[in-house]
Amino acid sequence: MSPRIARLRALEILDSRGVPAIEVEVTLSDGATATAQAPSGASTGRHEAVELRDGEAERYGGKGTRRACGHVEGEIARALAGMEARDQAAVDGRMVELDGTADKSRLGANAILGVSCAVARAVSVSRREPLWRTLSELGGDAGEAKLPVPMVNILSGGLHAGRRMEFQDFLAVVHGFGSFSEALRAATDIHGETKRILDEAGYTLTGVADEGGWGPALRTNEEALQVLTEAIERAGYRPLEQVSIAIDAAASHFYEDGRYELQSEGRWLTAEEMVELYARWAGRYPIRSLEDGLEEDDWAGWEALTQRMGGAMQLVGDDLFTTNPARLRRGIDTGAANAVLVKMNQIGTLTETFAVLRMAREAGYRAVVSARSGETEDSFLADLACASGAGQIKVGSVTRSSRLAKYNRLLGLERDGELSWRASTSYPE
Ligand code: PGA
Ligand code: ZN
């Protein structure tokens with residue numbers, strides 16, 4: 001007999017910024033129990049599913065999740081009771097139907113995603129198999145499962161580091177190494193070397209940014225590229241062959257009235273000038289991936305950017321697509337971007353996340369499985385990245401346990417020896 005959903009519990013917990021999040025615990029009829037925690041973004045896209053917050057100003061500034069928890073233990077628990085846990089599509093479909101809104105705002109995408117992930121994990125517990133195996137079956141592509149290349153945050157700006165510079169993330173993609181653990185070690189070397197360079201240049205660092213990278217008040221955005229390129233070389237690695245640079249501009253968050261405001265540099269750029277800027281940077285620095293280079297609803301700009309730079313560069317839509325099948329479809333049809341950032345809580349269920357991954361694969365778009373800036377100690381994403389065969393994971397820097405939960409899980413999966421890792425001297429593949 002296939003196990004059925006017997007009990008749901010929810011708990012208001014805290015995320016890596018000390019903001020309430022939600023943990024869901026699922027118990028199946030065979031006694032298997034598992035939990036999952038839902039993350040939360042800061043530089044959110046306009047078209048994301050909505051997380052439910054209590055709105056009581058006197059508790060956590062209105063950000064409590066007790067109402068979302070109440071929905072899990074009330075309406076959702078009643079609706080899912082007795083359902084077959086292995087039928088993830090039916091479970092997720094039932095929650096979407098019950099919620100009844102297009103953006104999951106009634107029950108809360110945080111509540112729904114927590115249940116969705118906890119059910120999958122409970123099934124893996126019941127089957128006594130690693131989570132990635134359960135997930136790869138759900139994704140319908142078990143043969144593709146592999147360890148992902150990490151895209152590691154080194155320097156932060158934007159909403160993750162007090163807006164000291166406008167571009168949000170400068171990352172090291174550690175692809176040309178013999179194993180995942182070697183790649184991760186290289187990333188920690190680069191992270192450390194970056195600190196030494198910043199210290200020598202007289203920048204004061206008093207802590208790390210939201211995703212564990214450094215958040216210095218650099219003179220210009222371009223200086224981040226100079227520092228990171230130097231750090232890669234000083235750490236002894238070969239740019240482009242072993243380590244490439246990725247940028248997440250998160251450009252929607254410094255876009256105002258049709259212009260990109262580089263306030264720290266005292267200048268304002270049009271979309272065309274932004275594309276020129278990227279082309280110039282790509283000629284000077286080993287950049288091979290650019291995320292959210294333009295504003296999230298500027299489809300024409302994205303098309304132009306993709307035509308100009310899509311040949312050699314991975315162009316990732318995060319706020320542009322918000323892990324939404326309809327928006328990804330539009331991008332594929334119009335030639336906007338050539339890769340999608342996959343964040344489960346932007347869409348709110350595992351089933352819809354897999355639909356996006358499948359759509360990307362079929363269209364020849366790359367996919368990057370990603371965390372949020374507000375994370376928890378849940379390592380679910382490590383298994384999802386492996387199971388999806390996406391080949392790339394972006395979960396922040398090599399400090400802060402919310403980030404390390406994912407990397408450390410991947411180290412364990414590598415040790416277990418069932419998943420392959422492929423070194424690549426040319427990125428993106
Ligand atoms: P967020 O940032 O989680 O704050 O949205 C992550 C990203 O932009 O990739
Ligand atoms: Zn992003």
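Student: In this predicted model, is Gln168 buried or exposed?
Tutor: Gln168 lies in the loop between strand S4 (149-156) and strand S5 (169-174). Residues under 20% relative accessible area are classed as buried. Gln168 has a relative accessibility of 4%, so the residue counts as buried.

Student: Which residues does Gln168 touch, not counting residues up to four places away in sequence?
Tutor: The contacts of Gln168 include Leu155, Ser156, Gly157, Gly158 and His160. Ser43 is also touched by Gln168, and Ser43 is among the residues of domain 1 that lose the most area to domain 2. The list for Gln168 is completed by Asp248, Ala249 and Ala250.

Student: Which residues coordinate the zinc ion (ligand 2)?
Tutor: The donors of the zinc ion (ligand 2) follow the spacing D-x42-E-x26-D along the chain. Their coordinating atoms are of the types OD, OE and OD, at 2.0 to 2.2 Å. The residues are Asp248, Glu291 and Asp318.

Student: How many residues apart in sequence are the parts that the pair Asp248 and Asp318 ties together?
Tutor: Both Asp248 and Asp318 coordinate the zinc ion (ligand 2). Asp248 lies in strand S6 (residues 243-248), whereas Asp318 is in the loop between strand S11 (314-317) and helix H9 (325-334), so the pair links parts whose separation in sequence is 70 residues.

Student: What is the relative accessibility of Asp318?
Tutor: Asp248, another donor of the zinc ion (ligand 2), is buried with a relative accessible area of 0%. Asp318 also counts as buried, and its relative accessibility is 2%.

Student: Where is Thr322 found?
Tutor: Phi of Thr322 is near 45 degrees, a positive value in a residue other than glycine. Thr322 counts as buried, at 0% relative accessibility. Its location is the loop between S11 and H9.

Student: Is Tyr60 buried or partly exposed?
Tutor: Tyr60 has a phi near 50 degrees, which is positive although the residue is not glycine. Tyr60 is found in the loop between strand S3 (33-38) and H1. With a relative accessible area of 41%, Tyr60 is partly exposed.

Student: How far apart are the end C-alpha atoms of helix H2 (residues 88-99)?
Tutor: Helix H2 has twelve residues, and at 1.5 Å a residue these should span 16 Å. The separation in the model agrees with that expectation, the end C-alpha atoms being apart by 17 Å.

Student: Within what arc do the buried residues of H2 fall, seen down its axis?
Tutor: The buried residues of H2 are Gln88, Val91, Asp92, Met95 and Asp99. They line one face of the helix, because they fall within an arc of 95 degrees.

Student: Which strand and helices do the buried residues of H2 pack against?
Tutor: Gln88, Val91, Asp92, Met95 and Asp99 are the buried residues of H2. Their packing partners are strand S1 (5-14), helix H1 (66-80), helix H3 (109-127), helix H4 (131-138) and helix H11 (350-363).

Student: Which exposed residues does the face of H8 turned away from its buried side carry?
Tutor: The buried residues of helix H8 (residues 299-309) are Trp299, Gly301, Trp302, Leu305, Thr306 and Met309. They cover an arc of only 155 degrees around the axis, which puts them on the same side of H8. This buried set packs against helix H7 (271-284), strand S10 (287-291), S11 and H9. The face turned away from it carries Ala300 and Gln307.

Student: What percentage of the area buried between domain 1 and domain 2 do carbon and sulfur atoms give?
Tutor: The domain assignment gives domain 1 (5-128) and domain 2 (140-416), with 27 Å between their centres, taken over C-alpha atoms. The contact takes 32 residues from domain 1 and 33 residues from domain 2. The area buried between the domains is about 2,600 Å², and the part given by carbon and sulfur atoms is 47%.

Student: How far apart in space are Gln392 and Val173, C-alpha to C-alpha?
Tutor: Gln392 is found in strand S14 (residues 392-396) and is buried, with a relative accessible area of 6%. In sequence, Gln392 and Val173 are 219 residues apart. In space, their C-alpha atoms are separated by 9.1 Å.

Student: What is the omega of the peptide bond from Tyr427 to Pro428?
Tutor: Tyr427 is one of the residues in contact with Gln392, and Pro428 lies in the segment after helix H13 (401-416). The peptide bond from Tyr427 to Pro428 is cis, with omega near -5 degrees.

Technical notes: Residues numbered from 1 in each chain as written. Chains lettered and ligands numbered in written order. Predicted model: local features only at pLDDT ≥ 70, side-chain atom pairs only at ≥ 80, totals over all residues. Heavy atoms only, no water. Donors = N, O, S within 2.8 Å, 3.2 Å for Na, K, Ca; no water. Helix = DSSP H or I, 4+ residues; strand = E, 2+ residues; numbered from the N terminus. Buried < 20%, exposed > 50% of the residue type's maximum accessible area, 1.4 Å probe, protein only. Expected span 1.5 Å × (residues − 1). Arc of directions from axis to C-beta. Contact = heavy atoms within 4.5 Å. Domains from an automatic or database assignment. Buried area = accessible area lost by both parts, 1.4 Å probe.
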